[in-house]
Every structure is written in structure tokens, then in C-alpha cells.
Amino acid sequence: MLQHRMEALNMIFKRALPKVIGMDISGTSIKVVKLSKLEHAYQLDVLGYEPLPPNLVQEHEIQNVEEMARHIKNLVSRLKLDNSQVAIAISGSAVITKVIEMNAGLTEYEQEIHIESVADQYIPFPLSEVALDYDVVGPIANQPNKVEVLLAVARSELVDKYKTAVELAGLTPMYIDVETYAIERGYHALLHDQYPDKVVAVVNVGNLVTTLNVLANGRTTYTREQLFGGKQLTEEIQAQYSLSFEEAEKKKRANDLPADYHQEILTPFMQTIAQQIARSLQFYYSSGEHRDIQQILLAGGSSNIIGLTEVIEAELHLPVALIHPFSKMKISKQISEETLQAYASSLTAACGLALRSFTG
Ligand SMILES: Nc1ncnc2c1ncn2[C@@H]1O[C@H](COP(=O)(O)OP(=O)(O)OP(=O)(O)O)[C@@H](O)[C@H]1O
Ligand SMILES: [Mg+2]
């Protein structure tokens, strides 16, 4: 009991925000972003990328913690970020998030007791096996004595694998976030002022997974994950041109393929992406959300496909723009324009994690 109280007290007095690097450990790679805050803007100090062997992460779970630690260590040593404090994220279906109501005016201690007592209603496995966190979002309209609370729950075993991999690499995990929240934080800090009154859909097209985050007034109101992504395109290239997976992946990124590639493979694939997004938006509308989406923002590695925005615009009749999280930042001289262009769109989550240095 006392220990509980003291932990809460520690949190209250933890005024100085720890300076962290953002580390997005995803299906295909580890991505690192380090930011600093200037008077009127952020500066991108470090950008790092380390490809991962296939299957090291499966269904959002690290399959071999020691091997992952070696990849993390390689990357941070190369970037001279050894011993850093880091913010990492777990993602998608690995985390359950729920919005619940709670009485307003509770102390932090009372809130914790309340959450513990109601959490098992929302969780499909025993409380002893889960890592749990919550955030008081704010008051509820027309209910002055209630607040809205966001609850996030994941299996402890899965969270521990991420934590251990980072620790074995000599780093200190300061924050374990949820990818959706990291994307929201990135959006809020870097893009929201361009779309202040709009309902925006951030669509992250990765390798195996595509996620949809619908944001209104800069806050997430709906999320959905689809098992679909750029790997499908690599496999089609591999089959059509009798290449190894690695060759197909390389040629795909370099856009170095035979003349019939665009018509035979790429255009139908882009149309499939557009249809997948349309499907996700249908789920959003049928979930009881009625505010129309006014803008689509594309992120993730597969958003680099040239011509994709136009295909989605034509299919969905909505404006589509690519996310470039660093467009308004000062960029360190160490980072080449080429590196920035190749990786920027897939770094929204890493950027949102790095922003924890300034927003907590
Ligand atoms: N220039 C490019 N052209 C086409 N596809 C690209 C390009 N650059 C990256 N990609 C594709 O983007 C995908 C990787 O994107 P990203 O880094 O966002 O995925 P991830 O987060 O690691 O994976 P996931 O979220 O699916 O587990 C790969 O399929 C890769 O081939
Ligand atoms: Mg991803």
C-alpha cells in the first residue's frame, strides 16, 4: 500500500521530462529518431534505420529477444547513441485499448484502485498476465462529474520481450507506448495546424499491416488494422520476374523493373490499396461515427510508391497527401536528403515516440 502511494508520489514529482530517442521496432526494420527543440521548431538530430530479417517479429511479437537486442545494439552503436533512454511502442492487435468513464476529482491513487477493480471486465485474460496503463483524456460533455479515461492493456509477456531486447542492447526503456498514440502525437505536434478543423484519416501502409487512424480535432476517434501491405507487391514481382524475395524488394524500391511492370502489376496493386482503404473507411462509418472524413494522409513505407496518392484520390474522391514528418524541421547536416526522402514517410511513429522528450 505504502509502496503504491510512494510510486504515485514519484510520478507527481517527476517534473523534468527525460530526454529520449524514439525507437520503432516494426516488422521489417528498427527505426530511430532523435529530436531537439529549438525556439520555434524541432530539429531532426539523428535518423537511423536497420533492416530486420524476415520473421524476427511475427504478429507484433519478437520471436528471438537476444537476436533483436543484437540488431538494436548494431544500430545504436553506429549512430553513437549507446546508453540512451528510449521510447518504444507496441502495436496494433497486440494491445487492447478502451475508452471508459470514471468519476471526476479522484486522486491518482484512487484512480489506480478504480482502474484495477474494473479492468477485468475489458480484458480477455487474467489481470496477473497483463501490463495495464491509463490516461485521463478529459471531461465528458453534459456529465460534469465524469471524466473519459483511455485504458491500454497488453500481455505482460509480449511487453517484456520488447523491454528486455532494449535493455540487453544497453538502453533504458523510459516509455512503452502504443503505436496509435505515437502516430497521434506525431500528427498533433507536426501536422494538425495544417488541418485544424478537419476530420483526417491517417493511413499507414506498411509491409504486412495497414492501419487507419481517424483523428478529429487532433484526437484519435477510431483505429483499425488490416493484414495487407507492401509485401504482397514484392511477392507478385518475385513470381512474375522469377527473382529472389530480396532482389524483388530491392528492384521494387528502386523502381527498376521491366516495361510491363506498371500496367501488369503496379497499377492493379495501387487499386487494391485504394479498395482496402475504402473498405476500412466503410468500417469507420458503420461503427456509428458519422463525421465525414475530409482528408487522407498517407504514411508507411509503401506510401513511397509513385502515383499512389492520385490513384487513391480517384477511387475515394477525397484529397490525399503524403506525410512528411520532418517537412517543417531543421535537419542536421549529418542527414542526407536521399536518406530523408527514402525513410521520412515510415517514420511518423518513431517521430511521435521521440516527441515524448517534450510532451511526456
Ligand atoms: N520506395 C518504395 N517503393 C515501394 N515500396 C516501398 C518503398 N520503400 C519502402 N517500401 C515498402 O514499405 C514496406 C515497409 O514499410 P514500413 O517500414 O512502414 O513497414 P513496417 O512498419 O516495418 O511493417 P509492418 O507495419 O507491416 O509490420 C515494405 O513492404 C517496403 O517494400
Ligand atoms: Mg508499421
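## Exercises on strands, domains and a ligand shell

Leu 297 stands opposite Ala 321 in strand E15. Both belong to a predicted model, where local features need pLDDT of at least 70 and side-chain atom pairs 80 or more, while totals for chains, interfaces and linings use all residues. Residues are numbered from 1 along each chain as written, and chains are lettered from A and ligands numbered from 1 in written order.

**Exercise 1. Find the strands that pair with E14, and give the direction of each pairing.**

Step 1. Locate E14 at residues 295-299 (strands, E, of at least two residues and helices, H or I, of at least four are DSSP runs numbered from the N terminus).

Step 2. Look at strand E11, residues 199-205: five bridges join E11 to E14, and the two run parallel. (Strands pair if DSSP finds at least two bridges between them.) Within this pairing, Val 202 stands opposite Leu 297.

Step 3. Now turn to E15, residues 320-322, which pairs with E14 over three bridges, again in the parallel sense. Leu 297 therefore has a partner named in each neighbour: Val 202 and Ala 321.

Step 4. Check how covered E14 is: four of its five residues are buried. (Buried means 20 or more other C-beta atoms within 10 Å of a residue's own, exposed 12 or fewer, partly exposed in between, with C-beta placed from the backbone.)

**Exercise 2. Write down the strand order of the six-stranded open sheet and name its edges.**

Step 1. Read across the sheet: E10-E6-E1-E2-E3-E16, with mixed pairing.

Step 2. Pick out the strands that pair on one side only: E10 (172-178) and E16 (330-331) are the edges.

Step 3. Zoom in on one pair: E1 (residues 21-25) and E2 (residues 29-37) run antiparallel and share four bridges. Here Met 23 has Val 32 in E2 as its bridge partner.

**Exercise 3. Describe how the domains and helices contribute to the shell around ligand 1.**

Step 1. Mark the domains (bounds come from an automatic or database assignment): domain 1 covers 2-191 + 323-359, and domain 2 covers 192-322. Their C-alpha centres lie 24 Å apart.

Step 2. Count the shell: 21 residues surround ligand 1 (C-beta, placed from the backbone, within 6 Å), and the closest are Ser 26, Gly 27, Gly 206, Gly 230 and Gly 301.

Step 3. Find the elements that give two or more residues: helix H6 (231-241) and helix H7 (245-254). H7 has the largest share, with three residues.

Step 4. Compare with the domains: each of the two gives at least three residues to the shell.

**Exercise 4. Decide whether Gln 232, Ser 242 and Asn 83 are buried, partly exposed or exposed.**

Step 1. Start with Gln 232 in helix H6. This residue has 16 C-beta neighbours inside 10 Å, so Gln 232 is partly exposed. For a sense of distance, Gln 232 and Leu 168 are 64 residues apart in sequence, and 33 Å apart in space from C-alpha to C-alpha.

Step 2. Move on to Ser 242, in the loop between H6 and H7. Ser 242 counts as exposed because 8 C-beta neighbours lie inside 10 Å.

Step 3. Finish with Asn 83, found in the loop between helix H2 (65-78) and strand E6 (85-90). With 9 C-beta neighbours inside 10 Å, Asn 83 is therefore exposed.

Step 4. Look at the backbone angle phi of the loop residues: Ser 242 has a positive value of about 50 degrees although it is not a glycine. The phi of Asn 83, another residue other than glycine, is positive and near 65 degrees.
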